[in-house]
Amino acid sequence: MNTLRPEQSMSIIPVGEHTWAAVTATSTYLFGVETDGEDTRVVQWYWGPRLPEAALAEAARFRTPRSGSSFLDPRATDELLPVDGGRRSGLPSLQATYEGGVRSVELAFTEAVPGPGEIELVLRDKTYGLRVGLHVRCAEDTDVVERWVTVANEGTAAVRFGRLDSGSWIVPEQRAYRYTAVYGGWARETQLQRAELPVGETTFTSRTGTTGHRANPWIMIDAGDATEESGEVWTVALAWSGSWRLTAQHLPEGDVTVTAGFGHDGPSWHLAPGESLRTPAVLGLYSDGGYGAASRAWHHHVRRHVLPTPEEDRPVLYNSWEATGFDVTEAGQLELAGKAAALGVELFVVDDGWFGARDCDSRGLGDWWPNPARFPDGLTRLFTEVRALGMTAGLWVEPEMVNPDSDLYRSRPDWVLHYPDRRRDTMRNQLVLNFARDDVRAWATGWLDGLVREYGLAYLKWDMNRNFSQAGWPDAGDRADMLWIEHTRGVYDVMDELRRRNPGLRIESCSGGGGRVDLGVLRRTDLVWTSDNTDARDRQAIQHGFSYLYPANVMSAWATDSPNPHTRREVPLRYRFHVAMAGTLGIGGDLTRWSAEELAEARDLVAAYKAIRPVVQRGRLHRLAGVPGRAASAVQYVLDDRVVVLAYNPFSLDKRTPGRLRLAGLDPQAVYEVVTSEAAATAPEGSRWHGRTLMSLGLILPTWSPDGPDYRSELLELRRVEAS
Ligand code: GLA
């Protein structure tokens, strides 16, 4: 399922007059312009399994019969960009207010502008000079259809947008509708939820100015019968790191649409004559292989089209945050660096507390020079030593923030989000710098670039630790609300410019843990900090939800201390590592307190990770079975001939543990040999199995047996030795 063959054409092809098909390896997305005499609508005709070319035209003629009641108007239920206008009463994707308070948008189709693998359908409101460009692009070598909208004010008066989504998607008619999404909070991000989609409007949103912890901008919809390995699944995801809104509309008449875009209820965008605005991309993906295949198709897309450095295996890093908190000193860091290097760590990252007067969270943010008391000679000696130990160097930064108690705030109090006559509420004792402002962007680019060059940094952990409040931009007049968009664009611009100037630089996106994880930030970062919660058991549930959209190589995961500093839970070192080894492994514990035995075990586990790293970071993921973090579970990665399995059993009294671990995604006829096994009794190294046996009968794992202590885990590697 979703196996992509490069020779297959993936493009936008015309199908008769004013109808086009976006054709991917396994899916077809059919859309066109329909004019009914008084109004023009751009309509989705079809979105599902790939249609034979000969069937495209007939699919475009297909219409769902509608009731004739005057109260029921089909408008807005099959449109790519339903507007607030005419007889529509469904949820609009575009809501504009023209001069004099006129709110009914009336668009007419004017032209189609084809480009390579894409098309722009241009519509205009002639009375008010609004030009709307509806863009559809077919990403090469993936099943993703990408869409966005451009608006341009060609009139003589300002236009204000209450909603300007990137596009609406129509889920084809099903017997029933079920959605899958994630929710969360600080230290409990990406918790999976799956339920019947209620009739009504179900909105997932962030009003924080960032992607947020409470939800993540994607949704999957199926007919209630999809499983991990089978069934049709439609996904919609938004590539944006500021406030956002995604609404699944389930009409009483049956139709289901999903519209998504930047912004949230309240702020509106002001477009003066001559100005234009482009939305972020919204991506749609159809998959017929269940949630597993949908996730693999997303991972493939992220690696192929989103990440700046997909081909690089991420280094094993050490980060000092949990070990030292704000107590950062040269001697302390050097001690940790020595121990980290001995474990095989490749990148040493100094977290918060190295700069300004930052010895706690109430001062120093904004003063981005080494703390003179802690690093009287700067950071050069520390990082020279780090490099001498064979590691590269990284630093934590929080460029969008300032403590009121800082030199920066004392000199630039106007740089923060604020209204002149309102309080400036702090959170974590900090205020938000307005990255919509050119001078703030230039300042950030300047010091960040200087820091990277001066210390030869290979890595920045870019953090963002509070929500927007009192989000005013006094100099901007009618455009002030644009800061909700422009702040995020400012962050993107600074990151892009830093990477342009320093091609070797890699960036980790962090926002109080996993508060800024999305397809927008991943265009300019290499991985994300998944959660501040490093408790292995909690992490399993977080990583499970995370894996629905995002691949393992962007999932930063550390092995830390036991008891865990957040949950006080005690978990064996091996289990902690095995959970972190399911993503990009890092170490975040206080190594000065690890015993010689623990350090030796950790060194072996780091070496084991490096051996399987390409398979984990670049392979196809199969979530095998179980309830991650609650009962037995396992994840499997396949890359070419290599198969890696990480199996877990946190709670031996939970008798839901399956007896056998059945693998997935193998060649049934081929023979696989066990090359690394910690389950010697049942699957010893050197033993050989047919793919079919492994997938249908499965292996008996000691880890999964109901008798034994809590927190058993194991690593298994197989290699295909005889092709079918
Ligand atoms: C946030 C991050 C942590 C750490 C602290 C430092 O909470 O998520 O990993 O960097 O900030 O203050």
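Reader: What makes a set of residues in this structure a nonpolar core, and which residues have the most contacts inside the largest one?
Author: The set must consist of buried residues of the nonpolar kinds, joined through side-chain atoms within 4.5 Å. In this predicted model, the largest such core has 193 residues, and Trp 354 and Phe 577 are those with the most contacts inside it. Leaving aside residues up to four places away in sequence, Trp 354 touches a list of residues including Val 328, Trp 368, Trp 369, Phe 375, Leu 379, Leu 395, Trp 396 and Leu 451. A second core, separate from the largest, has 22 residues, among them Leu 624, Ala 634, Leu 699 and Leu 701.

Reader: Why is Tyr 291 called buried or exposed, and where does Tyr 291 lie?
Author: Tyr 291 has a relative accessible area of 1%, and the cut-off for buried is under 20%, so Tyr 291 is called buried. This residue belongs to helix H2, which covers residues 290–306. Its contacts beyond four places in sequence include Arg 178, Asp 222, Glu 228, Tyr 548 and Arg 623.

Reader: How do you know whether His 18 and Asn 429 are buried, partly exposed or exposed?
Author: Partly exposed is the class between under 20% and over 50%. The relative accessible area of His 18 is 31% and that of Asn 429 is 33%, so each value falls in that class. His 18 sits in the loop between strand S1 (11–14) and strand S2 (19–23), and it has a positive phi of about 60° although it is not a glycine. Asn 429 is in the loop between helix H6 (407–411) and strand S26 (431–432), and its phi is likewise positive, about 60°, although Asn 429 is not a glycine.

Reader: Why is strand S24 described as largely enclosed by the rest of the structure?
Author: Of the six residues in strand S24 (residues 392–397), five are buried, so the strand counts as largely enclosed by the rest of the structure.

Reader: How do you know that S23 and S24 pair, and in which sense do they run?
Author: Pairing requires at least two bridges; four bridges join strand S23 (residues 347–350) to S24, and the two run parallel. In one of these pairs of residues, Val 349 has Gly 394 of S24 as its bridge partner.

Reader: What makes S32 and S36 the edge strands of the open sheet?
Author: Strand S32 (620–626) and strand S36 (688–690) each pair on one side only. The sheet has six strands in the order S32-S33-S34-S37-S35-S36, with antiparallel pairing. At the S36 end, strand S35 (residues 671–677) and S36 are joined by three bridges in the antiparallel sense, against a requirement of at least two, and Tyr 672 has Trp 689 as its bridge partner in S36. Helix H11 (residues 596–618) packs on the sheet, touching S32, S33, S34 and S37, and its direction makes about 105° with that of S34.

Reader: What makes the approach of Asp 352, Trp 396 and Trp 529 to the ligand a polar contact?
Author: The pair of N or O atoms must lie within 3.5 Å. A polar side-chain atom of Asp 352 is 2.6 Å from an oxygen atom of the ligand, the corresponding distance for Trp 396 is 3.0 Å, and for a side-chain N or O atom of Trp 529 it is 3.4 Å, so each pair meets the cut-off. Around the ligand there are 13 residues, of which Asp 351, Asp 352, Arg 428, Lys 461 and Asp 532 come nearest.

Terms used: Residues numbered from 1 in each chain as written. Predicted model: local features only at pLDDT ≥ 70, side-chain atom pairs only at ≥ 80, totals over all residues. Heavy atoms only, no water. Buried < 20%, exposed > 50% of the residue type's maximum accessible area, 1.4 Å probe, protein only. Contact = heavy atoms within 4.5 Å. Axes fitted to C-alpha atoms, helices over the stretch in contact; angles between N-to-C directions. Near = heavy atom within 4 Å. Polar contact = N/O pair within 3.5 Å; in protein donor to acceptor, adjacent residues only side chain to side chain.
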